[in-house]
Amino acid sequence: MSIEIVFILIYFAVVIGIGLAVSRRSSKSREGYLLGGRSLGAPVTALRMQSTSMSGYMFLGAGGLGYSQGYYGMWFALGDLGGGVLNLSIIGRRMRKLSYLLGSITSIGYLERRYPSIWTKLVAGPIALGCLFLYVLAQLLAGGQGFSSVTGLGLNVSLVIAVSIILIYTFLGGYLAVAYTGFLQAIIMVIGMLWILIATVQHVGGLTAGHESVKEVNANLLTMWGAEGQYFGEWGVILGALLIFSIGYIGYPHVNVGHMSMKRPSIARTAGLYSTGFNLLFIPGAYLIGLFALLIVPNLDNPELAIFEVAQVVLPPFAVGLVMAAIMAAIMSTADSILLQAGTIASQDLGGTLIKNLSEKAAVNISRIVIFVIAIIGLILAMWQPPGVFDLVVFATATMGSAFVPAYVCAVWWKKANTPGAIISMLAGAVGAVCGQIFDTAGMWGMDPMMVGIISSVLGIIIGSLATQKSHPVPAEVLAAVEETMRVAPIPKHLVIGEDATLSTQRPRTAE
């Protein structure tokens with residue numbers, strides 16, 4: 001057995017152990033399984049959020065983009081650098097407080113409580129499930145390709161192994177397993193990325209020498225305008241690249257549920273610092289390694305394997321094992337969160353709407369069944385070699401971001417945002433982003449599909465809400481909760497609406 005496989009097996013054993021350790025704490029109630037008892041502190045909140053957001057995209061998509069387009073990829077990196085702190089700053093504290101006031105324990109259920117209507121769930125749920133499935137598909141494909149590249153095992157065998165491990169510890173521990181393994185995975189990801197970056201820069205003779213060598217291959221790669229200079233002056237496309245990961249994942253249900261799981265609202269401030277630190281250490285490296293891979297492993301058939309191939313050249317065997325564990329960490333940290341959130345949406349939000357008086361045990365079991373089914377369908381499709389990881393992640397992010405960002409932001413910042421406005425916004429954003437990608441608005445109009453979707457969604461919630469203020473006013477109790485959310489103060493007990501009894505001990509008792 002190679003040393004690479006030994007390290008990966010050790011890593012798998014650790015994450016399964018975490019799932020076993022927290023299984024007794026998390027499976028007794030919906031709130032425990034889905035939110036970890038609203039008990040997470042700043043480090044776990046931040047690093048879980050970032051490891052979930054970064055995913056296999058950073059090790060495959062970002063590396064491939066650096067390999068094929070050079071410093072153009074830094075537009076995506078610049079947006080991503082501030083994504084975590086933007087998310088926590090814009091909606092983190094307020095969403096934690098409002099979700100508690102409204103008694104919400106799921107991210108889609110939170111939207112339904114803020115914009116009261118069964119149609120909120122029926123519109124938001126399918127959009128989220130469809131996009132989350134594509135995101136899972138990207139992670140499974142990334143995991144299979146990476147595992148196969150390093151171990152020499154076949155792609156299908158590698159996919160089965162990765163999916164099996166993810167299912168085991170997600171089933172065992174629910175959200176706590178996802179959160180704690182995400183924290184561990186974030187640390188491993190940073191160590192792995194920095195290690196391979198340092199070894200890569202040393203291998204090419206330093207940054208200056210590396211840049212000079214890349215210049216001889218294609219000087220355009222050292223600009224931020226693409227390999228052929230094709231993005232020069234294309235500000236609609238560039239703005240879309242900046243926005244997709246800076247504000248795009250404010251619309252991720254599997255990321256935003258982390259805001260709801262914090263111990264108290266004020267955790268968001270400190271979590272923002274941890275998030276920024278992680279991003280600075282982790283994000284630029286993927287694009288730089290991909291760029292310098294042109295010198296180390298030229299003429300790759302699949303640019304998305306650039307970081308894997310470079311690792312095997314510049315690192316000793318034991319370090320390749322550690323880096324592979326880091327890559328699997330990135331992939332698994334996203335896949336487990338997405339699967340758990342997809343199961344939550346199907347069982348708690350959509351299933352709970354159709355099945356009355358659903359018991360906690362039945363809800364958890366339904367969630368696990370849905371997780372299993374989605375994972376298996378994703379596994380089968382991944383074996384058919386779908387589009388690249390980068391394309392899948394960008395498509396899913398643009399669609400979810402366009403559909404949900406205005407609804408999540410306005411939920412805590414705009415008191416006039418109402419149910420018709422939110423529903424119109426979600427539909428307009430999703431349709432706009434999908435159509436933008438299908439009809440290639442970047443090529444036709446010089447406007448990224450994310451821009452098309454966001455503009456449609458923002459106009460939808462503003463026009464829809466203002467036009468229906470009289471016919472669909474925000475309910476008084478919801479309006480009072482939103483107004484209280486805007487205050488930095490303890491939560492008055494009398495404002496708690498429809499509180500889940502299991503959350504009563506989590507009420508903040510000091511100023512937030």
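**Entry 1: the start of H17**

I went to Asn 418 first, and found that this residue caps the N-terminal end of H17. One of its side-chain oxygens sits 3.1 Å from the backbone nitrogen of Gly 421. I should jot down that I am looking at a predicted model.

Next I checked the length of H17, which covers residues 419–438. With 20 residues at 1.5 Å a residue, the helix should span 28 Å, and I get 29 Å between its end C-alpha atoms, so the two agree.

Which residues of H17 are buried? My list runs Thr 419, Pro 420, Gly 421, Ala 422, Ile 423, Ser 425, Met 426, Gly 429, Ala 430, Gly 432, Ala 433 and Gly 436. After the helix comes Asp 440, and I noted its positive phi, near 55 degrees.

**Entry 2: H19**

I then moved on to H19, residues 449–467. Asp 448 caps the N-terminal end here, with a side-chain oxygen 2.8 Å from the backbone nitrogen of Met 450. The helix has 19 residues and reaches 27 Å from first C-alpha to last, close to the expected 27 Å.

I looked up the buried residues of H19 too, among them Pro 449, Met 450, Gly 453, Ser 457, Gly 460 and Gly 464. What do they pack against? I found H10 (235–246), H16, H17 and H18 (441–445).

**Entry 3: Thr 397**

Thr 397 belongs to H16, which runs over residues 389–413. Is it buried or exposed? Its relative accessibility is 0%, so I put it down as buried. Its side chain reaches the backbone oxygen of Val 393 at 2.8 Å.

I left aside the neighbours within four places in sequence and listed what else Thr 397 is in contact with: Tyr 135, Ile 244, Phe 245, Gly 248, Tyr 252, Ser 402 and Met 450. Met 450 is familiar from Entry 2, as one of the buried residues of H19.

**Entry 4: cysteines**

How many disulfides are there? I searched the whole structure and got 0. I also looked at two cysteines. Cys 410 has 15% relative accessibility, under the 20% cut-off, so it counts as buried. Cys 435 comes out at 31%, so I wrote it down as partly exposed.

**Entry 5: H4 against H12**

I compared H4 (residues 74–81) with H12 (residues 267–296). Their axes come within 10 Å and cross at roughly 170 degrees. That is why I call H4 roughly antiparallel to H12. On the H4 side, the contact is made by Met 74, Phe 76, Ala 77, Asp 80 and Leu 81. On the H12 side, I noted Asn 279, Leu 280, Ile 283, Pro 284, Tyr 287 and Leu 288.

**Entry 6: Met 193**

I found Met 193 in H8, residues 155–203. Its relative accessible area is 0%, so this one is buried. I picked Ile 283 for a distance check: it is 90 residues from Met 193 along the chain, yet their C-alpha atoms are separated by 8.6 Å. Leaving aside neighbours within four places, Met 193 is in contact with Met 58, Phe 59, Phe 282, Gly 285, Ala 286 and Ile 289.

**Entry 7: the whole protein**

I finished with the totals. I count 20 helices and 0 strands. Of the 512 residues, 62% are buried. Among contacts with a separation of 6 or more, 85% come from residues 24 or more positions apart.

Key. Residues are numbered from 1 along each chain as its sequence is written. This is a predicted model: local features need pLDDT of at least 70, side-chain atom pairs count only at pLDDT 80 or more; totals for chains, interfaces and linings use all residues. Side-chain values use heavy atoms; hydrogens and water are left out. Helices (H or I, at least four residues) and strands (E, at least two) are DSSP runs, numbered from the N terminus. The expected span of a helix is 1.5 Å times one less than its number of residues. Buried means under 20% relative accessible area, exposed over 50%, partly exposed in between (1.4 Å probe, protein chains only). A polar contact is a pair of N or O atoms within 3.5 Å; within protein, one must be able to donate a hydrogen and the other to accept it, and residues adjacent in sequence count only if both atoms are side-chain atoms. Contact means heavy atoms within 4.5 Å. A disulfide is a pair of cysteine sulfur atoms within 2.5 Å. Axes are lines fitted to C-alpha atoms, for helices over the stretch in contact, and angles run from 0 to 180 degrees between N-to-C directions. Angles under 35 degrees count as roughly parallel, over 145 as roughly antiparallel, 65 to 115 as roughly perpendicular and the rest as oblique.
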